[in-house]
Amino acid sequence: MKAKITVIGIGPGHPGDMTSQAIDALRDAEIIIGYKYYIPFILHLLKESVEIIQNGMRQEQARIEKAFEIAENGHDVCVISSGDAGIYGMAPLVYEMLRERGSEIEVEVIPGISAFQKAASLLGAPVGHDFCVISLSDLMTPWMVIEKRIKAAAEADFVTAVYNPKSHGRYWELYRLKELFLKYRDSDTPVGYVRQAGREEQKVTVTTLGSFDPEDVDMFTVVIIGNSQTYRFEEHMVTPRGYFGVETHEDTGIGQSIMIESFRTIERELADPDIPLGRKWPLLHAIHTTADFDMENIVKVDEGSVEKIYNAFSSGDVKTIITDVTMAASGIRKGALERLGISVKCYLSDPRALDLAKKANITRTQAGIRLAVSEYPDALYVFGNAPTALMELCTLIRSGKARPCGIIAAPVGFVHVCESKHMVKPFKNIPKIIVEGRKGGSNLAATLVNSILCWPDAEQLRPGRDV
């Protein structure tokens, strides 16, 4: 009968975290080989006659060579490995040496509870969805490869467990990992770390990615970084699997669910995800409508504008939205308008606008704005097409005839477009959202209005209730 090498995952250190299969194998063992730091964790299970062979750190290959020598001389031997033997453990080295030696020795691997699993259980439920595990040790892996894997994990929104985060000689790598993750994750992303998981010195900490201090971590610590959906519940981390996600809410339709996920994706890809919510909310709508991340550079929102315009509507002080063209009006959500009791008007097709345009030798959109101001001087004025209409409003404001509760300035084109947007900027007391430069459009103007109408949903990042 062939001798056998049994590779045993002994868990992270606590006797209760060892599997019954591992316990039985250790109790039956005649010869044990292991790292001297781990031997004390299993002494209570071994029989008095067992032979123990131990050595120090970075002598892994010597341990396994000794195990093969013993087995090839006809004796069964157990190799212990902390956590799970196949996760940064001894099992891969045993199989590599088995192939290298061309040995016919039988190998059995007994799984164990890994350190990151133990840490995760202490932190709550941080690995409830897709996750990966990365070691920061560059003893066997070049740092360039490690950094590539860090970027991939961060960009792909994996919950990420970090092994070997720091040592006396490796002090900067964890700082670099944090820097890379902050490019793809919000600073308030939950982060948990556990020192000496399952052992007497165990310490559990939950913080955020922005507040996480690598100086609090040592080589005996496992760090777990949440994904974009991980949240903090009391002193725990929870990454939902989806059973109780937004998609299951009865009041959330398929269209809104898709829009919510789209917004989350856009937010992750913003160059600056930490901008104030009053600017971020309309910006997310703008990018969602255009798929153009240049919006982050050109959508300008006066401080407090979204809140002020929404309050004017919700209080009943203002009940009207004026658009320059009918296409802009058609993109404003009817459900939101009904909910707030707001009407949308466009005077472009009004026969009076056509007569006025002919008499005054102005464009029909200019004439429409003149008529609108005469009837609704305090409305929200929305421009997605006609720069001359926006210029007309500016003239009427300066003459004291118009006092709009807000302005959406997003005309598109090449003639007078930029000038019209510059003309509206000096009105400091009027809340404004301006799409600078040549870009704009009726669809963009409408979605900016929609962002205002659903402002109460901004904090929870739940757009599209009226979809």
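Accessible areas here come from the Shrake-Rupley method with a 1.4 Å probe. For this predicted model, the accessible surface of the protein chain comes to about 22,400 Å², and 51% of that belongs to carbon and sulfur atoms.

Let's start with the whole chain. Its secondary structure comes to 17 helices and 19 strands. The radius of gyration is 32 Å, well over the 23 Å that the globule rule gives for 467 residues, so the chain is more spread out than a compact globule. Along the principal axes, the C-alpha trace spans about 110 × 40 × 35 Å. Even so, buried residues make up 52% of the 467 residues. Among contacts with a separation of 6 or more, 68% join residues 24 or more positions apart.

Now look at one helix, α14 (residues 364-375). At 1.5 Å a residue, its twelve residues should span 16 Å, and the end C-alpha atoms are 17 Å apart, which agrees. Its buried residues include Thr 365, Ile 369, Leu 371 and Val 373. These elements are among those that cover the buried residues of α14:

| Covering element | Residues |
|---|---|
| β15 | 320-323 |
| α13 | 351-360 |
| β17 | 380-383 |
| α15 | 387-398 |

Finally, find the open sheet of three strands, in the order β6-β13-β12, with mixed pairing. β6 (124-125) and β12 (231-233) stand at the edges with a single partner strand each, so one side of each is left without a neighbour in the sheet. Strands of a sheet pair through backbone hydrogen bonds, either parallel or antiparallel. β6 and β13 (residues 236-238) run parallel and are joined by two bridges; Ala 125 has Val 238 of β13 as its bridge partner.

Methods
Residues numbered from 1 in each chain as written. Predicted model: local features only at pLDDT ≥ 70, side-chain atom pairs only at ≥ 80, totals over all residues. Heavy atoms only, no water. Helix = DSSP H or I, 4+ residues; strand = E, 2+ residues; numbered from the N terminus. Expected span 1.5 Å × (residues − 1). Buried < 20%, exposed > 50% of the residue type's maximum accessible area, 1.4 Å probe, protein only. Contact = heavy atoms within 4.5 Å. Pairing = 2+ DSSP bridges. Rg over C-alpha atoms; globule rule 2.2 N^0.38 Å.
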